Amino acid sequence: MIETLAESLACDGHGFLRGVIPAMLIGDARRETDPIAQAGLRNPLSAVPALARLARSDEIIKIIHELLGEESVLTRAILFDKTPERNWPVPPHRDTTIAVAERIQLEGYGPWSVKDGVVHVRPPDDVLASMWTLRVAIDPAPVTNGPLRVLPGSHLDEDARADWVSLACEPGDVVLMRPLLMHASERVAKPSRRRVLHLEWAAGPLPEPLAWAGV
């Protein structure tokens, strides 16, 4: 599965797996998140059983084991939920913080912050460079529905001069990307709901005494 994407993942920092999540899991996720009225829900796996089943499905585990090995750790999950009422742009940025169990001073880690009760910290870039993010499309995200936009190669070169690429998705598609890849999204041009389950994975534990917050 991943072998066919190897060059794109290495050079561009992102790739697609189309239609790999079963329709039943997507349907359950859609139904159980219908009542949610938050643009971004942290710790969604503890709040929505269908999202927990999706995040730990055989399909997701197979993908992440091919990417990071069998000791990989799910470190953070967020449900992003754009609607006609919650229609916001996301400016270009990199994901540069991780969620940890507690604040413990360690060289190279900082600054620190707390988001929804969870401790976050900026780690050394080599930690971020070894991680993968999987974004599972729950709703259609055509180019008019504010899909993820990425700058290929920017995970390797902050001055990458490639053109921005819009990653239009259908339900059940999975986008793979490096946290350090520059990414953004625009406002929805033709407003409709656009839910995405964002999952961050690491290859293993952090240097002691730090530990992942877990989900």
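**Strand β8 and the enclosed cavities**

W132 has W201 as its bridge partner in β13. The model is predicted. W132 belongs to strand β8, which spans residues 132-137. Strand β13 covers residues 194-202. The two strands run antiparallel and are joined by 6 bridges. Strand β8 also pairs with β11, residues 174-177. This second pairing is antiparallel too and extends over 4 bridges. Within it, T133 stands opposite M177 of β11.

Burial of β8 was examined next. Of its 6 residues, 6 are buried, so the strand is largely enclosed by the rest of the structure. Buried here means under 20% relative accessible area. In a regular strand, side chains alternate between the two faces of the sheet. Both faces of β8 are covered. One side carries W132, L134 and V136. The other carries T133, R135 and A137. Each of these residues is buried, R135 and T133 included.

The search then turned to internal space. Across the whole structure, 2 cavities of 30 Å³ or more were found. The largest holds about 90 Å³ of space. Its lining includes R135, V136 and A137, and β8 thus enters the picture again. These come with D139, A141, P147, L148, L167, C169 and V175. R194 and V196 are also part of this lining. With 3 residues, β8 supplies the largest share. At least two lining residues come from β8, and at least two from β13. By class, the lining has 9 nonpolar residues, no polar ones and 3 charged ones.

The second largest cavity has a volume of about 70 Å³. The elements giving two or more residues to its lining are β3 (73-82) and β7 (118-121). Strand β3 gives the most, with 4 residues. T75, R76, A77 and I78 are among the lining residues. V118 and H120 also line this cavity. The rest of the lining is made up of R42, N43, A99, A213, G214 and V215. By class, 6 residues of this lining are nonpolar, 4 are polar and 2 are charged. Polar residues are thus present in this lining, whereas the largest cavity has none.

Taken together, β8 is a buried strand. It pairs with β13 and with β11. It also gives 3 residues to the lining of the largest cavity. For the second largest cavity, the main contributor is β3.

Note on methods. Residues numbered from 1 in each chain as written. Predicted model: local features only at pLDDT ≥ 70, side-chain atom pairs only at ≥ 80, totals over all residues. Heavy atoms only, no water. Buried < 20%, exposed > 50% of the residue type's maximum accessible area, 1.4 Å probe, protein only. Pairing = 2+ DSSP bridges. 1 Å grid on protein atoms, 1.4 Å probe; cavity = no way out; pocket = protein on both sides within 12 Å on 5 of 7 lines; lining within 4 Å. Points joined across faces, edges and corners; volume = space filled by probe spheres on them. Nonpolar A, V, L, I, M, F, W, Y, C, P; charged D, E, K, R; others polar.
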